[in-house]
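Grab a pencil and work through these exercises with the structure open beside you. Try each task before you read its solution.

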Amino acid sequence: MNEIEFSIIIPLYNQEKYIKKCAESALNQSFGGNYEVIIINDGSKDNSRKILQDFQNSRLKIFDNENFGVSYSRNFGLKHALGNYIIFLDADDYIAFDTLENIYKTTKQNNFDVILTPFYALREERKDIKLYKPIKEYDEASGSLNIKNTKGKILKANLELCTKVYKKQFLTENCIEFPSYKTAEDLPFFYNVMMKANKIKVLDMPFYFYRKGHKASFKEEAVIDVINAARESGDIIKKYEDFEAIKKVYIENFIKVCLYWCKKFKKLNNRIIFYRFCLAEMKALRASLACFVKFYLRLFIINLIEI
């Protein structure tokens with residue numbers, strides 16, 4: 001049996017509008033090598049699972065579970081994945097037809113732990129598309145990167161889980177998996193990966209198409225999940241041998257994450273709990289006065305709290 005080069009892992013929950021295009025993009029790759037597409041149906045109650053019945057493809061593996069959440073589904077997919085490299089694909093997004101072919105060329109050049117790529121963000125309500133780079137400071141010519149040789153600046157990479165390619169052996173050997181949160185579960189995963197990866201490659205080639213603007217609204221309990229995810233992320237990064245050398249970069253990241261979620265939580269009744277957490281953590285990190293001014297100013301601009 002030929003070695004499986006890639007495993008594309010797709011958690012699925014109630015995405016009947018998008019799952020067909022998503023699955024087609026994964027199964028109809030131009031790559032001539034061996035790969036698999038793993039779809040974990042997380043107890044969908046719409047026609048998502050029925051739509052998948054029309055696919056007759058030996059690469060496709062479908063698992064039906066109860067509704068345990070996206071973290072469980074991704075961890076389940078990782079345990080069943082046989083590929084050398086892992087790509088996570090959300091069921092409402094899709095990838096370019098030459099994704100695996102182009103990524104394969106990079107993986108064969110060197111034994112990278114993680115590959116960072118640009119991605120396209122689609123906003124259906126505005127009918128536009130925007131390209132986001134994986135990280136501004138480095139490009140394809142930068143060679144193999146890690147947290148040490150970039151002095152922590154690799155942490156400035158985009159946080160999106162699905163715009164990266166992960167070596168399965170690297171994830172397994174470092175026991176990296178998703179925590180059980182229902183919201184912001186990818187944040188601790190990101191920091192675990194960036195902390196432990198010795199060979200990170202940045203590509204200029206986008207392959208992922210991320211849909212924005214149609215996601216479900218957040219419930220009150222999401223605030224606690226994000227707080228816990230942020231705390232866990234802090235615990236992970238503070239274990240770095242020279243945390244003081246990268247603390248400034250981490251604080252910048254922390255503020256960016258806080259402001260992102262402050263905007264998402266604008267209509268929640270318990271949002272003030274999250275604001276207080278962000279400020280308390282900034283104080284504990286001894287963030288500069290400029291950081292506090294930036295934080296309050298951004299909150300004022302997006303009309304989240306009264307100052």
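**Exercise 1. Find what glutamate 36 and lysine 61 do together, then place both residues in the fold.**

Step 1. Look at the side chains: glutamate 36 and lysine 61 form a salt bridge, and their closest N and O atoms are 2.6 Å apart. To count as a salt bridge, a side-chain nitrogen of Lys or Arg has to lie within 4 Å of a carboxyl oxygen of Asp or Glu.

Before you go on, note that this is a predicted model, where local features need pLDDT of at least 70 and side-chain atom pairs count only at pLDDT 80 or more, while totals for chains, interfaces and linings use all residues. Residues are numbered from 1 along each chain as its sequence is written, and side-chain values use heavy atoms, with hydrogens and water left out.

Step 2. Now the fold: glutamate 36 belongs to strand β2 (residues 35-42) and lysine 61 to strand β3, so this pair, 25 residues apart, links distant parts of the chain. Helices (H or I, at least four residues) and strands (E, at least two) are DSSP runs, numbered from the N terminus.

Step 3. Check the surroundings. Glutamate 36 is buried, at 1% relative accessible area, whereas lysine 61 is partly exposed at 28%. The cut-offs are under 20% for buried, over 50% for exposed and in between for partly exposed (1.4 Å probe, protein chains only).

**Exercise 2. Follow arginine 74 to its partners.**

Step 1. Start with the salt bridge: arginine 74 meets aspartate 90 at 3.1 Å, N to O. Arginine 74 is in helix α3 and aspartate 90 is in the loop between β4 (85-88) and β5 (94-95), 16 residues apart.

Step 2. Are these two residues buried or exposed? Both aspartate 90 and arginine 74 are buried.

Step 3. Widen the view: salt bridges that share partners join Arg74, Asp90 and Glu185 into one network.

Step 4. Look for a ring too. The charged end of arginine 74 sits over the ring of phenylalanine 178, 5.4 Å from its centre. That wording needs NZ of Lys or CZ of Arg within 6 Å of the ring centre and within 35 degrees of the ring normal. Lysine 21 has an arrangement of this kind with tyrosine 94, at 4.3 Å from the ring centre.

**Exercise 3. Describe the salt bridge between glutamate 252 and lysine 156.**

Step 1. Take the distance: the two side chains meet at 3.6 Å, N to O.

Step 2. Locate the partners. Glutamate 252 is in helix α8 (residues 243-264), and lysine 156 is in the loop between β8 (128-132) and β9 (164-167), 96 residues apart.

Step 3. Add the accessibility: glutamate 252 is partly exposed at 31%, and lysine 156 is partly exposed at 27%.

Step 4. How many salt bridges does a search of the whole structure find? The search finds 10.

**Exercise 4. Classify two aromatic pairs.**

Step 1. Get the rule straight. Rings of Phe, Tyr and Trp (its six-membered ring) pair if their centres lie within 6.5 Å; planes under 30 degrees apart are stacked, over 60 edge-to-face, and the rest tilted. By this rule the count comes to 29 aromatic pairs.

Step 2. Try phenylalanine 63 and phenylalanine 76: with 5.2 Å centre to centre and 70° between the planes, the pair is edge-to-face. Phenylalanine 63 lies in strand β3 (residues 60-65) and phenylalanine 76 in helix α3 (residues 70-80), 13 residues apart.

Step 3. Compare accessibility: phenylalanine 63 is partly exposed at 22%, while phenylalanine 76 is buried at 16%.

Step 4. Now phenylalanine 68 and tyrosine 72. Their ring centres are 4.7 Å apart and their planes are at 55°, so this pair is tilted. Phenylalanine 68 is partly exposed at 43%, and tyrosine 72 is partly exposed at 38%.

**Exercise 5. Work out how enclosed helix α6 is.**

Step 1. Count the buried residues: 9 of the 11 residues of helix α6 (residues 186-196) are buried, so the helix is largely enclosed by the rest of the structure.

Step 2. Name some. The buried residues include Leu187, Phe190, Tyr191 and Met195.

Step 3. Look for ring contacts: ring pairs link a cluster that includes Phe190, Tyr191, Phe218 and Trp261.
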